[in-house]
Amino acid sequence: MGEHTTEESSQIPANSALATAAFVQAWENVRHIRGERIWFTNVYTAVVAGGLVLLQRDIGASASKKPLAIIGFVVLLLFSFASLLSSVRLVAELRNSIANLQGIIDEYGMTRMVGPIEPPRGFASRLPVRWVFPIFLGLTTAAILMLLIMHVLQ
């Protein structure tokens, strides 16, 4: 047991405060990105829902408002597409931040203290959880595009 402790302590840098600070910064970055994705999706959902309610109210009013409704659908479509691109960027940023965090854990021998950041193996490691937000945004973008096409063809 003494040999294992010596081997593990040789992996921890002389300045353990530096290792701790690096770990805390990396972990806070991962948490920030995850929180940002949730807030961004909440705001996106509120804006799109509000826009669709306003468009639904105006669509049934009269044929003279059809160009205005088409402009509204185009604005929602552009907003949705920009949101989808932003969400894909956040997936890449999250993947990079988790890799950086795992690198700090591996480099400073913190594996026993922290445990695995990602699911090690099995079914859980294959679930595309990071892609839930982009999939949601992609589906709503496609739905808005379909609504725009249907409205133009009416």
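What percentage of the 154 residues of the protein count as buried? In this predicted model, the share that counts as buried is 27%. The legends below describe the whole chain and then several close-up views.

**Figure 1. The whole chain is built from helices.** The protein contains 6 helices and 0 strands. Read from the N terminus on, its elements follow the order α-α-α-α-α-α. Among the contacts with a separation of 6 or more, 84% join residues that are 24 or more positions apart. Contacts of this kind link parts of the chain that are 24 or more positions apart in sequence.

**Figure 2. Confidence in the prediction varies along the chain.** The average pLDDT of the protein is 83, and 77% of the residues score at least 70. Among the elements, helix 6 has the highest mean pLDDT, 93, whereas helix 1 (residues 2-11) has the lowest, 48. The pLDDT is below 50 over residues 1-10, a stretch with 3 contacts in the model beyond near neighbours in sequence. Where pLDDT is low, the predicted coordinates should not be read in detail.

**Figure 3. Helix 6 and its buried side.** Helix 6 comprises the 22 residues 132-153. At 1.5 Å a residue, these residues should span 32 Å, and the end C-alpha atoms are indeed 32 Å apart, so the expected and modelled values agree. The buried residues of helix 6 are P134, L137, T140, T141, I144, L148 and H151. They cover an arc of only 130° around the axis, and therefore lie on the same side of helix 6. What does the face turned away from the buried side of helix 6 carry? That face carries the exposed residues L139, M150 and L153.

**Figure 4. Aromatic rings around Y44.** The structure holds 2 aromatic pairs. In the pair of Y44 and F79, the ring centres are 5.6 Å apart and the planes meet at 20°, so the pair is stacked. Y44 belongs to helix 2 (residues 16-59) and F79 to helix 3 (residues 66-107); the pair links distant parts of the chain, 35 residues apart. Y44 counts as buried because its relative accessibility is 1%, while F79, at 29%, counts as partly exposed.

**Figure 5. The pair of Y44 and F136, and the ring cluster.** Are the rings of Y44 and F136 stacked or edge-to-face? Their centres are 6.2 Å apart and their planes stand at 85°, so the pair is edge-to-face. Because Y44 lies in helix 2 and F136 in helix 6, the pair ties together parts that are 92 residues apart in sequence. F136 has a relative accessible area of 33% and is therefore partly exposed. Through the ring pairs, Y44, F79 and F136 are linked into a cluster. A pair of aromatic rings is described by the distance of the centres and the angle of the planes.

**Figure 6. A salt bridge within helix 2.** A search of the whole structure finds 2 salt bridges. One of them joins the side chains of R31 and E28, with a distance of 3.3 Å from N to O. R31 and E28 are 3 residues apart in helix 2, and therefore about one helical turn separates them. An α-helix has 3.6 residues a turn, so residues three or four places apart point the same way. R31 is partly exposed, with a relative accessibility of 48%; E28 is also partly exposed, at 39%.

**Figure 7. A salt bridge within helix 3.** Here the side chains of E93 and R89 meet in a salt bridge, at 2.4 Å from N to O. How many residues apart are E93 and R89? They are 4 residues apart, about one turn of the helix, and both lie in helix 3. The relative accessibility of E93 is 29%, so this residue counts as partly exposed. R89 likewise counts as partly exposed, at 42%.

**Figure 8. G51 and its position relative to L76.** G51 is part of helix 2. Its relative accessible area is 17%; since buried means under 20%, G51 is buried. In sequence, G51 and L76 are 25 residues apart, and in space their C-alpha atoms are 7.2 Å apart.

Definitions and conventions. Residues numbered from 1 in each chain as written. Predicted model: local features only at pLDDT ≥ 70, side-chain atom pairs only at ≥ 80, totals over all residues. Heavy atoms only, no water. Helix = DSSP H or I, 4+ residues; strand = E, 2+ residues; numbered from the N terminus. Expected span 1.5 Å × (residues − 1). Buried < 20%, exposed > 50% of the residue type's maximum accessible area, 1.4 Å probe, protein only. Arc of directions from axis to C-beta. Phe/Tyr/Trp six-rings, centres within 6.5 Å; stacked < 30°, edge-to-face > 60°. pLDDT = per-residue confidence, 0-100. Contact = heavy atoms within 4.5 Å. Salt bridge = Lys/Arg side-chain N within 4 Å of Asp/Glu carboxyl O.
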